[in-house]
Amino acid sequence: RACGPWLLGLLARLLLWGSPGAWASYLRRSSSCTPIPHHMALCYDIGYSEMRIPNLLEHETMPEVIQQSSSWLPLLARECHPDARIFLCSLFAPICLDRLIYPCRSLCEAVKRSCAPVMACYGYPWPEILNCNKFPADHELCIAAVSTDENSSNRRIPRASCKDCELEEASTAREILENLCTNDFAVKIRILRKNTTTSISDFDLDPGRVEVLKHGPLLRTEIPARLQQWLDIDATCVHNIMRGTHTGVFVVSGEVQSDKVVVNKAYAWQKKNRNLHQAVRRWKHHRCPEQAG
């Protein structure tokens with residue numbers, strides 16, 4: 001199986017490290033190598049094909065490994081950090097070498113920084129078993145972060161949102177108008193996907209395709225920058241809206257929360273969404289209930 005760049009880097013460091021000596025003999029007696037099964041969704045096809053068991057989390061059987069690792073799949077779906085899968089698999093499915101290779105402390109801290117807030121949204125604290133202080137410092141032999149290489153040094157690390165955000169069905173024009181009334185802002189925008197090669201996609205706002213329907217407490221001139229900030233930090237919401245497409249036009253509305261905007265509703269601007277087109281046309285002359293009073 002072809003190795004990922006992070007694995008090639010690890011193997012190069014291991015060759016420079018020298019012979020593991022007596023520790024390797026102990027390791028061979030205390031654990032065994034086994035193929036990563038297809039139904040271990042977290043780590044199958046991670047870049048290597050065999051893992052050590054017991055693993056670094058002291059799971060002793062494959063059914064236990066699969067059961068425990070599957071509980072982390074929803075977190076990966078939140079796209080909280082591009083290296084989250086590598087970090088987790090280094091523990092659940094440690095690579096089968098002559099010595100145990102732990103994740104670096106900096107890798108743990110980076111993943112924790114982005115993912116722990118998302119876990120907290122659902123009432124789950126960062127587990128003590130993943131206490132980053134337990135892992136080796138970067139100058140020791142360990143698995144380092146991949147997202148810090150020279151090609152991604154300027155890349156933003158999206159902070160996943162706790163809010164589940166999906167495209168809305170434009171059921172009636174009246175319902176859409178009511179939504180625009182209750183939210184702080186409403187804008188028609190075009191979103192572009194910048195890449196398709198990394199585990200988290202970056203998105204750009206097309207500055208020439210921003211139509212402000214309602215600016216609320218925001219200045220019209222600041223709306224593009226605030227929406228770009230939303231694209232940068234709310235990876236989950238944007239991913240759900242884009243649904244794998246490379247570009248799209250949407251009507252989004254939401255609220256202003258201190259230093260950021262939060263999108264509550266999003267509608268795809270398509271010919272078949274006649275109710276959405278009708279609502280946008282009527283909006284200029286529409287009076288919201290509080291305005292009418």
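# Briefing: a predicted chain of helices and strands

Just after helix H6, Gly-123 takes a positive phi of about 85°. The model is predicted. The chain has eleven helices and seven strands. It holds 293 residues, and 48% of them count as buried.

**The chain as a whole**

- About 15,400 Å² of the chain is exposed, and carbon and sulfur atoms supply 51% of that area.
- Take the contacts with a separation of 6 or more: 72% of them come from residues 24 or more positions apart.

**Helix H6**

- H6 covers residues 105-121, which makes 17 residues.
- From first C-alpha to last, H6 reaches 24 Å, close to the 24 Å expected at 1.5 Å a residue.
- H6 has a kink of about 40° at Arg-113. The proline Pro-117 follows shortly after the kink.
- The buried residues of H6 include Leu-107, Cys-108, Ala-110 and Val-111. Ser-114, Cys-115, Ala-116, Val-118 and Met-119 are also among them.
- An α-helix has 3.6 residues a turn, so residues three or four places apart point the same way.
- Which helices do the buried residues of H6 pack against? They pack against helix H4 (73-77) and helix H5 (84-92).

**Met-119, a residue of H6**

- Met-119 is found in helix H6.
- Is Met-119 buried or exposed? Its relative accessible area is 10%, under the 20% cut-off, so Met-119 is buried.
- Not counting residues up to four places away in sequence, Met-119 touches Trp-72, Leu-75, Tyr-124, Pro-125, Trp-126 and Pro-127.
- Met-119 and Arg-78 are 41 residues apart in sequence, yet their C-alpha atoms are 9.9 Å apart in space.

**Strands E3, E6 and E7**

- Strand E3 (residues 185-193) pairs with strand E6 (residues 247-257) in the antiparallel sense, over eight bridges.
- Within that pairing, Lys-188 has Val-251 in E6 as its bridge partner.
- E6 is also joined to strand E7 (residues 260-268) by eight bridges, and E6 and E7 run antiparallel.
- What is the bridge partner of Ser-253 in E7? The partner is Lys-265.
- E6 and E7 form a hairpin, with two residues between them. In the turn, Ser-258 has a positive phi of about 45°.
- In a regular strand the side chains alternate between the two faces of the sheet.

**Asn-183, just ahead of E3**

- Asn-183 sits in the loop between helix H7 (173-182) and E3.
- With a relative accessible area of 9%, under the 20% cut-off, Asn-183 is buried.
- The side chains of Asn-183 and Asn-264 are joined by a polar contact of 2.9 Å.
- Leaving aside neighbours within four places in sequence, Asn-183 is in contact with Lys-214, Ser-253, Gly-254, Glu-255, Asn-264 and Lys-265.
- Two of these contacts, Ser-253 and Lys-265, are bridge partners between E6 and E7.

**The loop between E2 and H3**

- Strand E2 covers 50-53 and helix H3 covers 62-70. The loop between them holds His-59, Pro-54 and Glu-58.
- A cis peptide bond joins Ile-53 and Pro-54, with omega about 0°.
- Phi of Glu-58 is near 65°, a positive value in a residue other than glycine.
- Glu-58 counts as exposed because its relative accessibility is 66%, over the 50% cut-off.
- His-59 counts as buried because its relative accessibility is 9%, under the 20% cut-off.
- Leaving aside neighbours within four places in sequence, His-59 is in contact with Ile-53, Pro-54, Glu-64, Val-65, Gln-68 and Phe-92. Ile-53 and Pro-54 are the pair joined by the cis peptide bond.

**Asp-45 and Glu-290**

- Asp-45 is found in the loop between strand E1 (32-35) and E2.
- Phi of Asp-45 is near 70°, which is positive in a residue other than glycine.
- Asp-45 counts as partly exposed, at 48% relative accessibility.
- Glu-290 is found in helix H11 (residues 289-292).
- Is Glu-290 buried or exposed? Its relative accessibility is 55%, so Glu-290 counts as exposed.
- Glu-290 and Thr-182 are 108 residues apart in sequence and 9.8 Å apart in space, C-alpha to C-alpha.

Key: Residues are numbered from 1 along each chain as its sequence is written. This is a predicted model: local features need pLDDT of at least 70, side-chain atom pairs count only at pLDDT 80 or more; totals for chains, interfaces and linings use all residues. Side-chain values use heavy atoms; hydrogens and water are left out. Two strands pair if DSSP finds at least two bridges between them. Helices (H or I, at least four residues) and strands (E, at least two) are DSSP runs, numbered from the N terminus. The expected span of a helix is 1.5 Å times one less than its number of residues. The bend at a residue is the angle between axes fitted to the seven residues ending there and the seven starting there. Buried means under 20% relative accessible area, exposed over 50%, partly exposed in between (1.4 Å probe, protein chains only). Contact means heavy atoms within 4.5 Å. Accessible areas come from the Shrake-Rupley method with a 1.4 Å probe; for residues, only the protein chains shown count as cover. A polar contact is a pair of N or O atoms within 3.5 Å; within protein, one must be able to donate a hydrogen and the other to accept it, and residues adjacent in sequence count only if both atoms are side-chain atoms.
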